[in-house]
Amino acid sequence: MMRNRQRGFNLGLLLLASQVFQLGIDNIPPVTLATLGLNVYLFLFPFKPLLKTCLSVREAYWYGDWGRLLLSPFHHVDDMHLYFNMASFLWKGLKLERKLGGAWFAYLLSVFSLLTGLVYLLLETGLTQMTEDSSYSLQCAVGFSGVLFGLKVVNNHYHPGGATYVLGMPIANRYACWVELVLIHIMNPGTSFVGHLAGILVGLLYTNGPLKRIMKSCAGYSGYGMPYPPNTHYGQRSFNPRHYGAPYRDPYASHMPSAPPQHPYTAGLSDEEQYEAAVRASLNERGGSTHARSSHGTYTRSNPTPEEIRWRRLQRFTS
């Protein structure tokens, strides 16, 4: 048994190391890299044996071992479990940390890690009550995959559209997590279906429920002149009109129409920020003549002079 684990251990870490070096350590955002390092470290030097870190209703609720909520996401059964989870996390972390910013992404990971465990306990408790089968309360889950399902929902929310190929079939990204939930359980019955489902539900609580507002409130964001969630992908501050009762529109997305003339996108911004907002809206209406379209569908500015900014701002509000 130990010899088999040792061979797998070497293979899993070698595959993960190869993945990291192919990407380049310098290209991996810091929070993603630190989380990856934490998972690898706790695999090599586990805080406790797996039987004392996995999460179940019996251990956490009946016996009061709530510390498992913190430990279970960051421990893995074997090297391949670690590899597949961390390879998936690298891709999601690259996109989400650059989109949300390091601080918010770290906050998101912390909340998702804890909340996925809580939802898992609630689901298992509900199944125990509904079926009168206590085995649901004894099932012990461990690993980062529940959090990954939640991150997949969030990533599809911030990067809508597109498709994922599952068994050679194109599946719209918005439905891919549900298809993968079922297929993974069918192909590998040893995985925790309820744990993965808990991650999806937490992701939906963030994208379609109250979780994002609660996190914002707890973090103390005022919502005036500050992007929410923080967005460092474009290297500058952005404005979210959701705080003013208007539907969200990403001002950098090429497929979105520009804001209507009465849109209050200048509320709470400084004069300089108002000028920039006016320029973006004006150029979007005129086809972005002084912008260069990047490979990701965003725009880069050509640094217009203050006189050009004022002129375009006047044109914007008189059109």
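**A salt-bridge network, a helix pair and a nonpolar patch**

With a relative accessibility of 14%, Glu 59 counts as buried (buried means under 20% relative accessible area, exposed over 50%, and partly exposed in between, with a 1.4 Å probe and protein chains only). The structure is a predicted model, in which local features need pLDDT of at least 70 and side-chain atom pairs count only at pLDDT 80 or more, while totals for chains, interfaces and linings use all residues. Residues are numbered from 1 along each chain as its sequence is written, and side-chain values use heavy atoms, with hydrogens and water left out.

A search of the whole structure finds 4 salt bridges, each being a side-chain nitrogen of Lys or Arg within 4 Å of a carboxyl oxygen of Asp or Glu. Glu 59 forms one with Arg 58, where the closest N and O atoms are 3.2 Å apart, and another with Arg 68, at 3.5 Å. Arg 58 is partly exposed because its relative accessibility is 29%, whereas Arg 68, at 4%, is buried. Arg 68 also meets Asp 65 in a salt bridge with an N to O distance of 2.8 Å. Through shared partners, Arg 58, Glu 59, Asp 65 and Arg 68 are joined into one network.

Elsewhere, the axes of helix 9 (residues 173-187) and helix 10 (residues 193-207) come within 10 Å and cross at roughly 170°, so the two helices are roughly antiparallel (angles over 145 degrees count as such, under 35 as roughly parallel, 65 to 115 as roughly perpendicular and the rest as oblique). Helices are DSSP runs of H or I with at least four residues, numbered from the N terminus, and axes are lines fitted to C-alpha atoms over the stretch in contact, with angles running from 0 to 180 degrees between N-to-C directions.
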